[in-house]
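Please look through the sequence and the model together, and follow the paragraphs below with both in view.

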Amino acid sequence: MITKANRNDKDRVVELLALSFKDNLSVAYLTGAGAGADRRTRRLMAYAFELCLRFGAVWLTEKKDGCALVFYPHLKGFSVFAIWLDAKLLFGVIGLSRLSRVLRREKLIALQHPDSAFCYLWFIGVNPWVQKRGIGAELLAEVVSESVAAGLPVYLETSTLKNVPWYEKRGFTAFYQLDLGYPLFFLKKEAG
């Protein structure tokens, strides 16, 4: 069973995502490597949790061994809360030394997103010790079901090549690839 997470689930979701994305190239591009990388990764996941809790959805399995973070960019708008979160991301995760390349990356990603409303599957993670048991597929099905009900397409990126056929098997189409020193694959599933 998949349920929507609440604020009390934040630590568990951050832990799941930090475990799931420990060696992820796309996450490392944002957080940097070396001393403090794990701490910055956890801060990134906390940022994503807060943003998705407020402007999207955070899905969690019943056993709390998998989660999905969905963001609806069209809901974010301008708010003091969003500015505060973005400032925490800048100073606690990205840092000024990586800012220009991260902004360039985000601009290139945004060019592949539609101008209309869409569902952005930001993170989907399963505890590494229980992967390959259908938990991720169950989470993805919930995200897709919600987006279909809302009439929204689902967009996502992955830097893990083996994830591409996994998403394609579930109805997604790979439509673009970006080279950032690592490959970033873009996938989408139309609404309907």
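Which residue in β4 is the bridge partner of Phe71? In this predicted model, the partner of Phe71 is Tyr120, and the pairing belongs to a set of six bridges that join strand β3 (residues 66-71) to β4, the two strands running antiparallel. On β4 there is also a link to strand β5 (residues 154-158), made by two bridges, and here the strands run parallel. Within that parallel pairing, Cys119 stands opposite Val154 in β5. Between β4 and β5 the chain crosses through helix α7 (residues 135-150), and this β-α-β crossover is right-handed. Eight of the eight residues of β4 are buried, which means that the strand is largely enclosed by the rest of the structure.

The loop between α7 and β5 contains Pro153, a residue that is buried, with a relative accessible area of 11%. Not counting residues up to four places away in sequence, Pro153 touches Ala117, Phe118, Cys119, Lys189, Glu190 and Ala191. For Ala191 the separation in sequence is 38 residues, yet the C-alpha atoms of Pro153 and Ala191 are 4.2 Å apart in space.

Aromatic contacts offer a second way through the model. A pair of aromatic rings is described by the distance of the centres and the angle of the planes. The structure holds 14 aromatic pairs, among them the edge-to-face pair of Tyr47 and Trp122, with 5.9 Å from centre to centre and 90° between the planes. Because Tyr47 lies in helix α3 (residues 37-55) and Trp122 in strand β4 (residues 119-126), this pair ties together parts that are 75 residues apart in sequence. Both Tyr47 and Trp122 are buried. Ring pairs also link these two residues with Phe21, Phe71, Tyr120 and Phe123 into a cluster, and this cluster thus includes Phe71 and Tyr120, the bridge partners with which the account began.

Helix α3 takes part in another aromatic pair, that of Phe55 and Phe81, which is tilted, with 6.5 Å between the centres and 50° between the planes. Here Phe55 in helix α3 is linked to Phe81 in helix α5 (residues 80-94), 26 residues apart. Phe55 is buried, with a relative accessible area of 8%, while the face of Phe81 has Arg54 lying over it, at 3.9 Å from the ring centre. A comparable description applies to Tyr29, where the charged end of Arg101 sits over the ring, 4.2 Å from its centre.

Side chains of opposite charge can pair when their charged atoms come close. The structure holds seven salt bridges, including one between Arg7 and Glu50, whose closest N and O atoms are 2.7 Å apart. This pair links the loop between β1 (2-4) and α1 (10-20), where Arg7 is placed, to Glu50 in helix α3, 43 residues apart. Arg7 counts as partly exposed, at 47% relative accessibility, whereas Glu50 is buried, with a relative accessible area of 9%.

A further salt bridge joins Arg42 to Glu15, with the closest N and O atoms 2.7 Å apart, and it links Arg42 in helix α3 with Glu15 in helix α1, 27 residues apart. Arg42 is partly exposed, with a relative accessible area of 34%, and Glu15 is partly exposed as well, at 27%. The side chains of Asp86 and Lys76 likewise meet in a salt bridge (3.1 Å, N to O), with Asp86 in helix α5 and Lys76 in helix α4 (residues 73-76), 10 residues apart. Salt bridges that share partners also join Arg7, Lys10 and Glu50 into one network.

Key. Residues numbered from 1 in each chain as written. Predicted model: local features only at pLDDT ≥ 70, side-chain atom pairs only at ≥ 80, totals over all residues. Heavy atoms only, no water. Phe/Tyr/Trp six-rings, centres within 6.5 Å; stacked < 30°, edge-to-face > 60°. Helix = DSSP H or I, 4+ residues; strand = E, 2+ residues; numbered from the N terminus. Buried < 20%, exposed > 50% of the residue type's maximum accessible area, 1.4 Å probe, protein only. Lys NZ or Arg CZ within 6 Å of the ring centre and 35° of its normal. Pairing = 2+ DSSP bridges. Right-handed = clockwise from strand over helix to strand, strands pointing away. Contact = heavy atoms within 4.5 Å. Salt bridge = Lys/Arg side-chain N within 4 Å of Asp/Glu carboxyl O.
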